[in-house]
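User: I have a model open and would like to go through it with you. Can we take it chain by chain?

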Amino acid sequence: MSAVSTSSAAPARRRLPPLTVTVALVALAAIVVTTFSAPLLGLDPYKQDLMAMLLPPSPQHPFGTDLLGRDIAARVIWGGIPPLFVGFSAAAAAVLMGLGLGLLAGYRQGLTDSVLSRLADIQMSIPGLVLALLILVLFGASITNLIIVIALESWTMHFRVVRSQVMTVRNLAFVEAARLAGIGEESIVLRHILPSTIPILAVTGTANFSQALLMEAALSFLGIGVQPPTADWGMMVSEGQAQLANAWWVAMFPGIALVAVMWCAQVVGDWLADVYSVRGDELQ
Amino acid sequence: MSFLDIAGLQIEIHSRAGAVHPVRGVSLQIDCGEAVGLVGESGCGKTITSMAIAGLLPQAATLRADRFIVGNLDMHGADAASWREVRRNSVGVIFQNPMKALNPRMLIGTQLVEAMLPQDRKSLRASYLKSMELLEAVGITNPAARLRQYPHELSGGLAQRVVIAMALARGPKLLIADEPTTALDASVQKQILDLIDKLRAELGLAVLMVTHDLGVVRERVDRVAVMYAGRIIENGNTADVIRKSSHPYTAALVAAMPSIDHGPDMPLQGLEGLPPPLIDLPAGCALRPRCSFSSEICARIDPPLEYIARTNHWAACHNNRGDRIELPATAGQILPSVTRLERDPEPIMQVRAVSKVFGERNLLNFRQHNKIPAVSDVSLSISDGEALGIVGESGSGKTTVARMMVGLETPTTGDILFRDRSVAMLAPAGVDQWRREVQFVFQDSSSSLNPRFSVARSIEESLLAVEPDEEVRRKRVGQLLAEVGLTEAMASRRPDQLSGGQRQRVGIARALARNPRLIIADEPVSALDVSVQATILNLLNKLRRERGMSYVIISHDLGVIRYICDRVIVMHRGKIVESGYTEEVLKNPGHDYTKKLIDAAPRHLKELAYA
Amino acid sequence: MTTVSRFGALRARLRSPIEPAFLVRRSLGAVVALWGAVTIVFLMLYATGNPAEVLAPETATAEQVAELARQYGFDQPLHKQYLDFLLNVTQGIFPNSLYTARPAFQEVLMRVPNTLLLGFTAVVLGSALGLLIGYLSSSSQNALMRTIPIRVLMFVQSVPNFFMGLLLIYLFSLTLRWLPTSGFSSWRNLILPIVTLACYVAPNVARLFRSTMNETRFDEHILTARAKGISERAVRIRHNAINALAPVTTLIGLQLGGVLAGAVVVETLFAYPGVGQLLVQSVVSRDYPVALAAVILICLGYNLASLLVDILVVIIDPRAQNR
């Protein structure tokens with residue numbers, strides 16, 4: 001008997017996530033909550049104190065101070081806002097774009113599919129960061145532009161998998177059976193096709209989030225993303241590079257924050273990929 | 001002289017779900033030059049047994065046996081190196097799917113050389129000559145060209161010949177063939193089996209033929225052992241075992257196969273239910289839940305394999321008294337001969353000179369399908385109360401014709417008529433009537449049901465467009481389930497929780513939802529185990545009698561067609577080569593291809609069984 | 001008895017799996033992709049409104065800008081400009097750098113060998129490391145070898161490349177003083193950047209290789225190979241592992257874009273004089289001719305590398321060209 005593709009047509013087994021995944025989810029939630037409540041916590045990331053430059057970690061400044069005497073702990077908490085916000089928004093936008101266009105291309109096929117697929121191919125022929133650099137410098141490096149540019153760069157990831165899934169499912173016998181039952185095409189898409197893409201989008205969406213976050217951090221590190229004096233993890237690491245020899249804390253703490261978020265996202269993403277049986281070469 | 005001598009073989013596999021016992025005490029002897037069949041349905045343990053003989057068990061498997069002698073070597077507890085010696089010198093294996101059995105990235109020639117003994121591949125020239133020799137021995141024409149090809153460039157039959165050549169490259173004494181023809185077309189199957197017979201005669205090979213198909217085994221092996229739930233339950237000369245089956249399961253297997261000698265007057269017997277899962281089996285006979293002969297002792301003691309003098313073979317059944325088993329009439333068994341209902345002279349559907357060519361040239365992708373028409377100038381008609389069969393091999397176009405009749409494909413030329421009106425020109429009301437009166441049952445039940453939907457929801461879907469009241473729909477679904485022999489409890493199950501037979505019943509229930517006049521069924525039973533096939537075919541006949549429906553049955557199996565259909569159309573490469581009343585066509589086939597199909601079909605089965 | 005020459009016997013064992021149709025199709029795809037990239041660059045020029053302003057130095061006056069516009073033909077109709085642009089780019093004609101006044105392509109090409117060295121070595125090293133750890137975690141008899149190396153790699157994957165580089169600098173340059181922190185004066189400068197880049201490639205390679213090896217362990221052609229009686233090691237490597245390389249190679253091809261992006265960051269971090277660093281510098285200093293030229297050349301390199309990888313995949317698995 002032929003096997004239906006396990007990547008998403010079969011319902012996921014309802015298993016409880018393993019301990020590491022739960023820990024990761026909780027940690028991620030904690031970081032997000034802390035970061036976005038930064039305005040409420042009464043910490044000032046901009047306050048300079050030139051008497052207190054480059055102080056090592058101490059009770060008053062748990063993460064030390066930077067070159068301008070600003071409290072790094074405060075800046076680390078505030079500094080999570082751009083990467084997390086951009087990461088999440090860009091991923092969400094890219095998922096929606098990829099889903100919509102993927103459904104269109106996979107379902108209509110023919111010319112629509114050719115055009116959209118070629119578009120995706122051409123899009124993928126320019127490495128993302130490179131294109132982002134260019135666009136940001138021409139149009140300015142605002143948060144909105146960052147989100148747009150990263151979303152534009154990553155929609156193809158979702159497009160490909162949705163398109164492939166739609167093309168598989170639309171030929172499966174149960175879709176044909178639905179047609180024979182007189183169910184309209186729109187209903188078929190909503191009832192059968194769309195739900196089958198949700199699992200795989202969960203996987204690509206999480207991967208996209210990680211990638212988007214990384215790209216925002218890298219762009220800010222290069223000086224093309226978020227601009228000073230706004231606190232941003234990537235930018236802070238770049239600022240800290242010059243002080244690395246004598247004030248390691250300036251670069252380390254924002255870096256550790258980045259690693260923490262990336263690790264949590266990766267653990268969750270891996271678990272989702274495992275649950276829905278997606279392989280690595282289908283992700284990128 | 002004995003080549004293989006196994007007694008009391010037990011295999012245990014450790015999995016996450018616990019310890020599975022796929023083999024629970026198998027004893028088997030094969031003499032040099034003998035052909036033995038190992039028969040059973042999916043999950044009975046025959047493949048694992050054959051793998052054990054070749055030493056190809058997975059690492060998680062542990063093996064115990066009272067005796068385990070392969071080719072004069074005691075292999076009980078043997079290490080990997082000894083097994084490699086055995087595989088190198090005495091045992092060759094061929095597998096079910098030849099396309100998967102060959103390494104896709106290597107040339108045929110390279111893989112063939114890898115299989116040779118060191119002395120045969122000392123130099124490039126020597127290995128080349130030996131390769132040619134091997135390929136010619138398995139009947140491959142133009143071997144030089146084949147050596148330079150990749151597996152995906154070969155057809156199934158050709159690939160299987162290569163696999164056989166590889167297995168024989170080192171001159172083994174035993175050839176293990178695990179379902180060697182299941183993945184192949186009927187006409188190719190015969191060729192491969194003939195080849196194995198020929199090689200056996202030429203080389204004095206012993207052969208272990210592992211298969212679920214009694215028909216294959218009947219004509220080719222001296223002795224046959226039938227396996228069920230990890231044990232051999234009957235064992236002896238092929239003719240004895242089939243003609244005088246002493247175990248209910250064997251009798252059911254024999255009786256369940258619709259062969260072309262099995263006319264519409266002879267009932268099919270099936271076995272409801274499933275073989276038990278091989279974890280934590282309860283005491284007693286494994287067949288008991290499904291057996292109509294079981295008595296109190298069957299629940300307590302697992303029957304041992306005993307020799308019965310009267311039938312000259314071995315069987316494991318408490319109720320065995322040496323008589324041939326007469327299967328009782330199953331409850332609700334319906335004689336399949338259908339009284340012709342009042343003929344409505346107007347045909348329900350007609351196909352007129354229809355052709356279908358597949359192929360789209362996609363401007364930017366440059367992909368081009370072959371321009372050979374899948375269907376070429378086909379005409380047929382089906383009226384009320386009739387059952388028409390369309391038979392042919394894969395690629396004959398029969399499925400395409402069926403799909404065109406329900407509108408899943410559109411013909412390139414020609415016309416399809418529903419109630420004398422062209423389907424291409426039907427108004428929405430007409431389309432609705434067409435959909436109501438003509439329904440489709442798909443071949444593969446595992447992809448014809450949405451794996452996320454419950455059974456009830458899938459069946460309900462047929463009613464969504466016409467019945468707005470949820471309560472009414474629910475009741476109707478319950479009625480349909482009962483009609484196809486399923487219980488209410490199954491309504492909330494998902495497809496992966498059902499067996500293949502149950503899923504197919506759901507597919508039939510779904511097709512019945514709007515009381516169609518005509519059901520078109522594409523290979524309705526080919527994906528099912530033999531014992532389950534019979535139950536579905538009986539269901540189809542029952543429905544036909546009770547509802548007066550017509551059928552168009554697509555199948556590659558002449559036996560199925562003969563059992564259900566009054567008329568038959570034979571298709572080959574997209575064209576109709578013969579048509580007429582089933583009895584007529586089978587008795588006096590006109591076209592060569594029909595003769596070939598009939599030849600390749602297993603016969604004599606029922607003849608012997610009812611002798 | 002068939003006679004056969006040594007040539008004939010040899011020929012029977014050698015045959016390229018690459019079908020011409022595939023090669024043509026794929027190459028055309030690369031050309032189309034490249035055309036698309038160049039078109040996007042063209043559109044970038046016009047996105048801000050006045051291309052002449054973009055290409056002129058910041059201190060240019062309005063007249064100088066107008067003069068530039070006339071010089072480059074920006075007053076011509078759009079489609080003619082586009083065609084001229086395409087023609088010029090294919091011949092390597094591009095405006096000069098705003099800072100060095102040398103042809104932009106030349107500026108970029110000077111740096112290509114450095115980036116090529118960095119990128120190629122990093123991909124090879126990262127892949128090799130990934131394959132090794134993947135193989136160990138799927139086939140090693142030692143339980144520790146199966147779990148620890150790959151867990152380490154998984155952790156490495158969550159460290160952003162610039163931070164990883166920073167940590168390596170802190171450890172090896174500042175603390176241990178074994179290696180220099182930046183520039184390119186000797187082979188020692190190569191080590192940290194290559195390692196940092198390799199850390200991007202290795203984890204996914206390891207993961208995919210391990211899962212492929214595990215999934216295909218019981219494939220029928222592996223059983224057939226074992227049934228031939230050849231050694232377990234030959235089965236595991238020649239049949240299981242090498243065939244498992246196919247999806248891994250595809251993965252590496254898909255990661256090339258990320259490698260290039262990583263190269264941009266890593267070169268900037270280590271002040272390594274490659275195309276990536278040039279790109280960032282030119283973008284920051286608004287030297288658009290050089291920036292655009294760098295983008296075009298990066299796309300060219302990326303597409304070529306991608307094409308080569310796809311061909312490699314077909315050699316390992318000839319069925320890939322029929323999809």
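User: What radius of gyration does chain C have, and what would a compact globule of 323 residues have?
Analyst: Chain C has 25 Å, where a compact globule of 323 residues would have a radius of gyration near 20 Å. The radius is taken over C-alpha atoms, and the globule rule is 2.2 Å times the number of residues to the power 0.38. Before going on: this is a predicted model, in which local features need pLDDT of at least 70 and side-chain atom pairs count only at pLDDT 80 or more, while totals for chains, interfaces and linings use all residues. Residues are numbered from 1 along each chain as its sequence is written, and chains are lettered from A and ligands numbered from 1 in the order in which they are written.

User: What does the C-alpha trace of chain C span along its principal axes?
Analyst: About 85 × 65 × 35 Å.

User: How many helices and strands in chain C?
Analyst: Chain C has 13 helices and 0 strands. Helices (H or I, at least four residues) and strands (E, at least two) are DSSP runs, numbered from the N terminus.

User: And how much of chain C is buried?
Analyst: 45% of its 323 residues count as buried. Buried means 20 or more other C-beta atoms within 10 Å of the residue's own, exposed means 12 or fewer, and partly exposed is in between, with C-beta atoms placed from the backbone.

User: Which domains is chain C divided into?
Analyst: Domain 1 covers 22-110 + 286-323, and domain 2 covers 112-273. The bounds come from an automatic or database domain assignment. The C-alpha centres of the two domains of chain C lie 31 Å apart.

User: How many residues does the contact take from each domain?
Analyst: It takes 14 residues from domain 1 of chain C and 11 from domain 2 of chain C. Two residues are in contact if their C-beta atoms, placed from the backbone, lie within 7 Å. On the domain 1 side, helix 6 (104-139) and helix 13 (288-316) of chain C each give two or more residues, and the largest share, 10 residues, comes from helix 13. That side divides into 11 nonpolar, 1 polar and 2 charged residues. Ala, Val, Leu, Ile, Met, Phe, Trp, Tyr, Cys and Pro count as nonpolar, Asp, Glu, Lys and Arg as charged, and the others, Gly among them, as polar.

User: OK, interfaces. How many residues of chain C are in contact with chain B?
Analyst: 28 residues of chain C are in contact with 34 residues of chain B. Helix 10 of chain C gives the largest share of the chain C side, 6 residues. By class, that side has 11 nonpolar, 6 polar and 11 charged residues.

User: What about chain A against chain C, how many residues?
Analyst: 35 residues of chain A are in contact with 45 residues of chain C. The chain A side has 24 nonpolar, 8 polar and 3 charged residues.

User: Which peptide bond in chain A is cis?
Analyst: The one from Pro228(A) to Pro229(A), with omega near 5°. Pro229(A) sits in the loop between helix 8 and helix 9 of chain A.

User: On to chain B. What is the strand order in the open sheet of 6 strands?
Analyst: The order is 19-20-21-16-22-23 (chain B), with mixed pairing. Two strands pair if DSSP finds at least two bridges between them. Strand 19 (438-441) and strand 23 (575-581) of chain B each have a single partner strand, so one side of each has no neighbour in the sheet.

User: Do strands 16 and 22 of chain B run parallel or antiparallel?
Analyst: Parallel, joined by 4 bridges. Ile390(B) stands opposite Ile569(B) in strand 22 of chain B.

User: And strands 22 and 23 of chain B, parallel or antiparallel?
Analyst: Antiparallel, with 6 bridges. Here Ile569(B) has Ser579(B) in strand 23 as its bridge partner. The two strands of chain B form a hairpin with 2 residues between them, and Arg573(B) in the turn has a positive phi of about 50°.

User: Is Glu523(B) buried or exposed?
Analyst: Glu523(B) is buried, because 20 other C-beta atoms lie within 10 Å. Glu523(B) has a positive phi of about 45° although it is not a glycine.
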